[in-house]
Amino acid sequence: MLLIPSLELKGGKCVRKPSGKPQAKPHEYAGDPVAQAQAWVKAGARRLQVTDLDSLSSGKASQVALVQRIVAACPGVPVQVAGGMKSEEAVLPYIEA
């Protein structure tokens, strides 16, 4: 079994949305997503999942610079990005990252 830690990003911070409550305010659990990603890797994570929650409402890649920092801080660790990007144009910044 491969456990993949997930970092949900909103406003540049790690948050957790209450399950089953789409309108609920997310709870911030880590102010520095890069440090949180490094902590997961140090704990043994072999890959990471990053969700750009800001893109769910905008449809655009909103956390590209932050994802680039996470990728750079965790060399050799694959990073999967998800969110509300709805077009190839919206996804390209993440592909380039």
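Select Ala 24 to begin: with a relative accessible area of 22%, this residue is partly exposed, since buried would require a value under 20%. Ala 24 has its place in the loop between β2 and β3, and once its neighbours within four places in sequence are set aside, the residues in contact with Ala 24 are Lys 17 and Pro 18. Please keep in mind throughout the tour that the model on the screen is a predicted one.

**The sheet**

From the loop, move to the strands on either side of it and then display the whole sheet, which is open, has five strands in the order β3-β2-β1-β4-β5, and shows mixed pairing. Colour β3 (27-30) and β5 next, because these two stand at the edges, each with a single partner strand, so that one side of each is left without a neighbour in the sheet. If you turn the view, you can follow how neighbouring strands of this sheet are turned by 40° against each other on average, with direction ignored. Now add helix α1, which packs on the sheet and touches β1, β2 (13-16), β3 and β4, while its direction makes about 180° with that of β1.

**Strand β4 and its two partners**

Select β4, residues 48-52, and look at what lies on either side of it in the sheet. On one side, β1 and β4 pair in the parallel sense over four bridges, and Glu 8 has Thr 51 as its bridge partner in β4. Strand β5 (residues 79-83) also runs parallel to β4, and five bridges join the two; here Asp 52 stands opposite Gly 83 in β5.

How many residues of β4 are buried? Five of its five residues are, so far as accessible area goes, and the strand is thus mostly covered. In a regular strand the side chains alternate between the two faces of the sheet. In β4 both faces are covered, with Leu 48, Val 50 and Asp 52 buried on one side and Gln 49 and Thr 51 buried on the other.

**Gln 49 and Thr 51**

Show the side chains of Gln 49 and Thr 51 together, for they make a polar contact with each other at 3.1 Å. Gln 49, found in strand β4, is buried with a relative accessible area of 15%; apart from its neighbours within four places in sequence, Gln 49 is in contact with Ile 4, Pro 5, Ser 6, Leu 7, Gln 80 and Ala 82. Thr 51, which lies in strand β4 as well, is buried with a relative accessible area of 14%, and the contacts of Thr 51, again leaving aside neighbours within four places in sequence, are Ser 6, Leu 7, Glu 8, Leu 9, Ala 82 and Gly 83.

**Gly 44, ahead of β4**

Step back along the chain to Gly 44, which lies in the loop between α1 (33-42) and β4. Is Gly 44 buried or partly exposed? At 49% relative accessibility, Gly 44 counts as partly exposed. Select Leu 3 together with Gly 44, and the C-alpha atoms of the two are 9.6 Å apart in space, although the residues are 41 apart in sequence.

**The salt bridge**

Next select Lys 10 and Asp 54, which form a salt bridge whose closest N and O atoms are 3.3 Å apart. Lys 10 lies in strand β1 (residues 6-10) and Asp 54 in helix α2 (residues 54-58), so the pair ties together parts that are 44 residues apart in sequence. The count of salt bridges in the model comes to one. Lys 10 is partly exposed, with a relative accessible area of 35%.

**Helix α3**

For the last stop, select helix α3 (residues 64-73) and mark its buried residues, which are Val 64, Leu 66, Val 67 and Ile 70. These residues cover an arc of only 160° around the axis, which puts them on the same side of α3. Turn to the other side of α3, and you will find Ala 65 and Ala 72, which are exposed. What covers the buried residues of α3? The covering elements include β1, α1, β4, β5 and α4 (88-96), and showing these elements together with α3 brings the view back to strand β4, where both faces are covered.

Terms used
Residues are numbered from 1 along each chain as its sequence is written. This is a predicted model: local features need pLDDT of at least 70, side-chain atom pairs count only at pLDDT 80 or more; totals for chains, interfaces and linings use all residues. Side-chain values use heavy atoms; hydrogens and water are left out. Buried means under 20% relative accessible area, exposed over 50%, partly exposed in between (1.4 Å probe, protein chains only). A polar contact is a pair of N or O atoms within 3.5 Å; within protein, one must be able to donate a hydrogen and the other to accept it, and residues adjacent in sequence count only if both atoms are side-chain atoms. Contact means heavy atoms within 4.5 Å. A salt bridge is a side-chain nitrogen of Lys or Arg within 4 Å of a carboxyl oxygen of Asp or Glu. Two strands pair if DSSP finds at least two bridges between them. Axes are lines fitted to C-alpha atoms, for helices over the stretch in contact, and angles run from 0 to 180 degrees between N-to-C directions. The arc is that of the directions from the helix axis to the C-beta atoms.
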